[in-house]
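Work through the exercises below with the model open. Try each task before you read its solution.

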Amino acid sequence: MLIREATDEDWPAIWPFFHDIVAAGETFTYPTDLGEDLARGWWILSEPDRTVVAVDDAGTVLGTAKMNSNHMGNGSHIASASYMVDPERSGRGVGRALCEYTVDWARTAGYRAMQFNAVVETNTNAVRLYRSLGFEVIGTLPEGFNHPEQGYVGLHIMHKPL
């Protein structure tokens with residue numbers, strides 16, 4: 001698996017699984033009816049932020065990550081990232097590789113920590129992965145997310161010093 005900078009040519013491969021994940025409404029706080037143009041603008045970031053894709057040997061996009069400062073100004077020393085793995089490619093270490101990549105990016109870029117602002121507590125695979133990589137839940141917003149099947153559930157704030 002190779003992780004590389006996302007290009008305009010990658011978006012047609014990202015959009016189908018991006019759309020399905022967002023439309024399911026189980027893991028992201030994006031509107032479930034998010035249109036493609038707006039989605040692209042929210043996901044494909046320009047420098048100094050970054051968007052990458054994980055691809056297999058054939059060049060097939062397996063997943064994607066975007067990384068950026070969590071806040072501006074005096075809070076800009078904390079990084080954040082978001083991840084989407086094509087559900088057809090899950091369970092192959094793509095999410096772990098993308099997360100490790102973003103942590104390395106943040107450390108190399110001089111950030112002091114990484115923070116995820118809104119990890120849905122029922123997204124247990126993501127919570128388990130982030131914990132295994134040294135992130136801790138530092139707080140939970142009770143009923144901060146309206147899950148389509150489980151109703152109101154918490155949103156974790158997760159943090160990792162770099």
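**Exercise 1: a loop glycine**

G73 is exposed, at a relative accessible area of 54%. Here buried means under 20% relative accessible area, exposed over 50%, and partly exposed in between (1.4 Å probe, protein chains only). This is a predicted model: local features need pLDDT of at least 70, side-chain atom pairs count only at pLDDT 80 or more, and totals for chains, interfaces and linings use all residues. Numbering runs from 1 along each chain as its sequence is written, and side-chain values use heavy atoms, with hydrogens and water left out.

Task: locate G73 and relate it to E9.

Solution. Step one: find the loop between β3 and β4; G73 lies there. Helices (H or I, at least four residues) and strands (E, at least two) are DSSP runs, numbered from the N terminus. Step two: take the C-alpha to C-alpha distance from G73 to E9, which is 33 Å. The two are 64 residues apart in sequence.

**Exercise 2: a helix pair**

Task: describe how α1 (residues 11-24) and α2 (residues 36-43) cross.

Solution. Step one: fit the axes, as lines through C-alpha atoms over the stretch in contact, with angles from 0 to 180 degrees between N-to-C directions. The axes come within 11 Å and cross at roughly 105 degrees. Step two: classify the angle. α1 is therefore roughly perpendicular to α2; angles under 35 degrees count as roughly parallel, over 145 as roughly antiparallel, 65 to 115 as roughly perpendicular and the rest as oblique. Step three: list the contact residues (heavy atoms within 4.5 Å). α1 supplies W11, W15 and F18, while α2 supplies E36, A39, R40 and W43.

**Exercise 3: the largest core**

Task: which residues of the largest nonpolar core touch the most other members?

Solution. Step one: build the core from buried Ala, Val, Leu, Ile, Met, Phe, Trp, Tyr and Cys residues joined through side-chain atoms within 4.5 Å. The largest has 27 residues. Step two: rank them by members touched; Y83, L98, M114, F116, Y130, F135 and M158 lead. Step three: assign elements. α3 (94-108) is one that gives two or more residues, and α3 gives the most, with seven.

**Exercise 4: backbone outliers**

Task: what joins E47 and P48, and what is phi of E143?

Solution. Step one: check omega. A cis peptide bond joins E47 and P48, with omega about 15 degrees. P48 sits in the loop between α2 and β2. Step two: check phi. For E143, phi is near 55 degrees, a positive value in a residue other than glycine. E143 belongs to strand β6 (residues 136-147) and is exposed, at 55% relative accessible area.
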